[in-house]
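Please open the structure in a viewer and follow the stops below in turn. Each stop says what to select and what is to be found there.

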Amino acid sequence: MARPYVCLLALAAVLLLGIATVSRSKGLRGKEHRRAPRIPSQFSQEERVAMKEALKVFPTVFKTSFIRHEAVGEYSHLFTVQGSDPSLQPYMLLAHIDVVPAPDEGWDVPPFSGLESDGFIYGRGTLDNKNSLMAILQALELLLIRNYIPRRSFFIALGHDEEVSGVNGAQKISALLQARGIQLAFIVDEGSFILDGFIPNLQKPFAMVSVSEKGAINLMLQVNMTPGHSSAPPKETSIGILAAAVSRLEQTPMPNMFGGGPLKMALQQLANEFPFPANIVLSNLWLFQPLVSRLMERNYITNALVRTTTALTMFNAGVKVNVIPPVAQATINFRIHPAQTVQEVLKLAKDIVADDRIQFHVLNAFDPLPVSPSDDQALGYQLLSQTIQSVFPEVNIVAPGTCIGNTDSRHYTNLTTGIYRFNPIYLQPQSFSSIHGINEKISVQAYETQVKFIFEFIQNADADPRPVPHLHEL
């Protein structure tokens, strides 16, 4: 029987917004900079039940003297966890509170009910991104209950408008930290998963840690014409002209950019996991790169990794059945491959449309993010890899990748060169389609494992860094 659990849904925002004013951190004056004994990530049955029922509301987090809580931009939240060793550069964990709309139609349960059924918690935000928000706070709560004192300071930033560009949330948090002179060793945000079944013929799951993120353009195309009566239509209408232009964009993909960067590195790491002859092909990309680039186009997920994608998302025209509309508008969402820029994609789009009657209006745009380091000196990447291998011992490969979506992390490039996007849960193609779709859900076991991951990650970040990491400085 289904039971209501609201830990991963809209209640999270209510709980955070309803917290009374919290005293500022008194710091750790008098505390020795010693390494605390490692706490095993083993949780009691009572704690596991509390995870999904959200009965605790994280009281220890909010009453701990070395944790400072601030509201930013009215609805976003910034936690500063003061560590005992100021010589260690801090890091930051990100998540977001907001979700996209979810109509009731098509869902097995109401999308904001948080019902648990057959071992899964259903609801909008269970994968994007209330799971991360709640897991971060839950893991910190469990560590504090066990009297854990972190060595390395860290921040928790919870944005309230990530789904609508993060301008009033993440962007303001970033500006606040920059004004305080904060520079971060690395950032961890949402964006990639342990991928299972996304690449044909690859039987084993692998962890992809995104080290870059696609750029984006929201482009409005517009056609203006003289209105008229439908009984005597012109040869072409505004709708027809615009529809033809949009069709040309859909039928003419942006160029395939496969040939370097994180994707090529990932395929080379995965080569030995494929059966013959794919393992030979991927081990010799110097010879088979053209073949692999064409094969990647056949799957809609891998296709998004090798090129700038074009998606018609809005079309507006006409107000009455017998009136030729004077204006027709369409909005195209481009997700820009890291090897291209906004200006390059705009020029390609104009060349494809090739019609002077079409007006181009850029609603907003930003270039792809720089590629963060993933070598042996990259502290954030190595800590993620270490924790993945501990919590998911069955996952043999941790590979760098590119996030095909857009996250709040793009607002923090002024604070660090190490930005990593990883959500420590398994994702299958059917689950991917539920993000922003229908019947979004997370298994109770997966959520508990996510808490375990962050519980261990915080402790791993406190260990003496070996080797010396890339540090971001002013």
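**From a strand pair to a cavity**

Begin by selecting strand 11, residues 215-224, together with strand 16: the two run antiparallel and are joined by seven bridges. The model shown is a predicted one. Within this pair, select Asn218, which stands opposite Asn364 of strand 16.

Next, extend the selection to the whole sheet. This open sheet consists of four strands in the order 13-15-11-16, with antiparallel pairing. Its edges are strand 13 (309-317) and strand 16 (359-366), each of which pairs on one side only. From one strand to the next, the twist averages 20°.

Now add the helices. Helix 6, residues 238-251, packs on the sheet and touches strand 11, strand 13 and strand 15 (327-336). The direction of helix 6 makes about 15° with that of strand 15. Helix 11, residues 342-353, lies across strand 11, strand 15 and strand 16, and runs at about 155° to strand 16.

Finally, turn to the cavities. There are six cavities of 30 Å³ or more, and the largest has a volume of about 140 Å³. To find the largest cavity, select Leu93, Val188, Phe422, Pro424 and Ile454, which are the closest to its centre among the 15 residues that line it. Strand 4 (91-96), helix 4 (130-145), strand 8 (187-189) and helix 14 (444-462) each give two or more residues to this lining. Which element provides the largest share of the lining? Helix 14 does, with four residues. Coloured by class, the lining of the largest cavity shows 10 nonpolar, three polar and two charged residues.

Key:
Residues are numbered from 1 along each chain as its sequence is written. This is a predicted model: local features need pLDDT of at least 70, side-chain atom pairs count only at pLDDT 80 or more; totals for chains, interfaces and linings use all residues. Side-chain values use heavy atoms; hydrogens and water are left out. Two strands pair if DSSP finds at least two bridges between them. Axes are lines fitted to C-alpha atoms, for helices over the stretch in contact, and angles run from 0 to 180 degrees between N-to-C directions. Contact means heavy atoms within 4.5 Å. On a 1 Å grid over the protein atoms alone, a cavity is a set of points where a 1.4 Å probe fits but cannot get out, and a pocket is an open set with protein on both sides within 12 Å along at least five of seven lines; lining residues have an atom within 4 Å of a point. Grid points are joined across faces, edges and corners, and a volume is the space filled by probe spheres set on the points. Ala, Val, Leu, Ile, Met, Phe, Trp, Tyr, Cys and Pro count as nonpolar, Asp, Glu, Lys and Arg as charged, and the others, Gly among them, as polar.
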